[in-house]
Amino acid sequence: MLIEKEKSEGGGKGSQSWSSYQSLGRSLSVNPTASLAGTEVSVEEIRSAAASSDHYPPSLHSPLLSSPDPDLSEQAIVYQGGYGGVGGNVNELQRQVLDEVEIRELLIEHVGHRCCWGSRPARKWNIHTVEDCNVYVGTLETFTEEREVIRERVPYIDGKIDGKNNGPELGIWELDLRAQFPVLFASHKETRMKIPHSEAIEKCSGCEGRGDILCPTCNADQEPGFYKENQMSQCPACYGRGLIAHRDGSDTMCVKCNGKGKIPCATCGSRGLIKCEMCHGNGSLLARSVAIVRWRTLSTRKVHATRGAASVPDEVFHRAKGVQLCNTQAYQCTPAFFADSYFLNKFSSEVIADRAPVPPTARVICERHIISVVPVTRVTMAHCGRSFSFYIIGFSKEVYLKDYYPARFCWGLCPCLEWLKL
C-alpha cells in the first residue's frame with residue numbers, strides 16, 4: 001500500500017524511500033497507515049536526530065547504512081491487510097482452523113517425545129472444546145553503545161611511546177569504531193581499543209623504580225628500603241648439625257648443606273631481593289588509556305493474554321511465530337497508532353512506557369518496536385468425567401502442556417521431564 005502510493009507520487013522518490021526501509025531492516029508493513037505515528041523514518045532522519053542530540057559523532061552513523069538486512073525467514077509473518085482491534089479483522093485472519101485429525105496428530109507427536117507418556121488419551125479421548133485464545137505480544141528493543149576508559153599498565157622495556165607529544169589525546173566518544181560496529185540489535189558485543197596519544201612512562205609503584213623488592217622469606221621483618229644479604233636458614237635435613245645420624249651409631253656428612261648446617265634462602269638465593277613481578281625488574285611501567293566498548297540490545301517485552309491462556313509462560317509466546325501488526329524502527333520509537341483499535345494503541349503505549357533504562361555511560365543508537373498477534377488454540381479433551389487441556393501456539397503449532405496429562409508413568413524418576421519447557 002505504502003509503496004504504491006509513493007510510486008504514484010514520484011517514481012524516484014518512492015524507490016529511494018523503499019531502499020531506506022530495506023537498509024533499516026524494515027518490511028512493507030512497517031507503516032500500515034499514513035497516520036501511524038513515528039514510523040515514517042528514514043536513515044537520514046535517524047542520523048540527523050542523533051547528531052542534533054549530540055549523543056555521538058557522525059562517524060557512528062554510517063553503520064546504520066551498512067548493517068545487513070535481517071533474515072526474513074526467522075521473523076514473524078507480516079500482516080498486509082487492514083488493522084482491527086480485539087474483535088476486528090485481525091482476529092479473523094489469525095483464527096487457526098484445526099480439525100480433529102490435526103489436533104490429535106500434534107498431541108501424539110508431542111507425547112511421543114516423552115518416554116514414559118502413553119498416547120492412548122491423545123488417540124481415544126473425546127475433544128470436548130476448541131477455543132481461540134489469541135495473544136498480543138509487544139517488544140521494544142533499544143540498541144545501545146556503552147564506552148568506558150580504564151588505565152592499563154604494562155612493563156616498559158624499551159622503544160618509542162605514543163604520548164601527548166604526538167598530538168592531543170582523543171576523547172572516548174571521538175574514537176572511530178566503524179570497523180568493529182556490529183549488526184543492529186545484536187545481543188552483545190565487546191571490543192577494546194587503545195586510545196591514541198595516551199601512553200606515558202611511570203615509575204613502578206611496586207618497587208619504587210628499583211626493579212627489585214624485599215624477599216618475603218628472609219627479609220620479611222626489614223624496614224622499607226633496607227635489606228640484608230646472605231641470610232641463611234637451618235638445614236631441614238640435618239637440623240643444623242651438618243651430619244646425618246644412622247642407626248648403627250655412625251654419622252655421615254649432610255649432602256643438602258654440605259656439612260654446614262645452614263642453607264641459603266630458597267626464594268632469593270640469599271640475595272635479600274627478588275625481581276618485581278609488576279615491572280619484570282625494569283623499574284618502569286608503560287601506562288595507557290584503553291577504551292572498552294560494549295554494544296547491547298536492551299529488550300522490553302509485554303504480553304496480553306486472555307484468561308484462557310493465562311497459565312502459559314510469557315517466554316512461550318515470545319518465541320512463537322505470529323503476525324506482525326506493527327514493526328517500526330527509529331532513533332527513538334513512539335507508540336504506534338491504529339485508527340480502529342483503542343486497545344492496540346494503549347498496548348503499544350504501555351510497551352513504550354516500560355522502556356528499559358539506559359546506563360549513564362551508554363548512548364542509544366536505534367530502537368525497534370514490534371507488536372504481533374500469536375494465534376493460540378486451547379483444546380480440552382475429556383473421558384469418563386476426567387479432562388485435561390493443552391495449547392497449540394503460533395504458526396509453528398507448538399504444543400504446550402504444563403500440569404496434567406492422564407497417562408504419565410514416571411512420577412518424575414526419569415529424564416523425560418527434561419523435555420518440559422517449564
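I will talk about one open sheet in this structure and how its strands pair.

This is a predicted model, in which local features need pLDDT of at least 70, side-chain atom pairs count only at pLDDT 80 or more, and totals for chains, interfaces and linings use all residues. Residues are numbered from 1 along each chain as its sequence is written, and side-chain values use heavy atoms, with hydrogens and water left out.

The sheet has four strands in the order S2-S15-S16-S17, with antiparallel pairing; strands are DSSP runs of E with at least two residues, numbered from the N terminus, and two of them pair if DSSP finds at least two bridges between them. At the edges, pairing on one side only, are S2 (126-132) and S17 (398-400).

Turning to the individual pairs, S15 (residues 376-383) and S16 (residues 386-393) run antiparallel and are joined by eight bridges, and methionine 381 has phenylalanine 388 in S16 as its bridge partner. These two strands, S15 and S16, form a hairpin with two residues between them, and in that turn cysteine 384 has a positive phi of about 55°.

On the other side, S2 and S15 also run antiparallel, joined by six bridges, with asparagine 126 standing opposite alanine 382 in S15.
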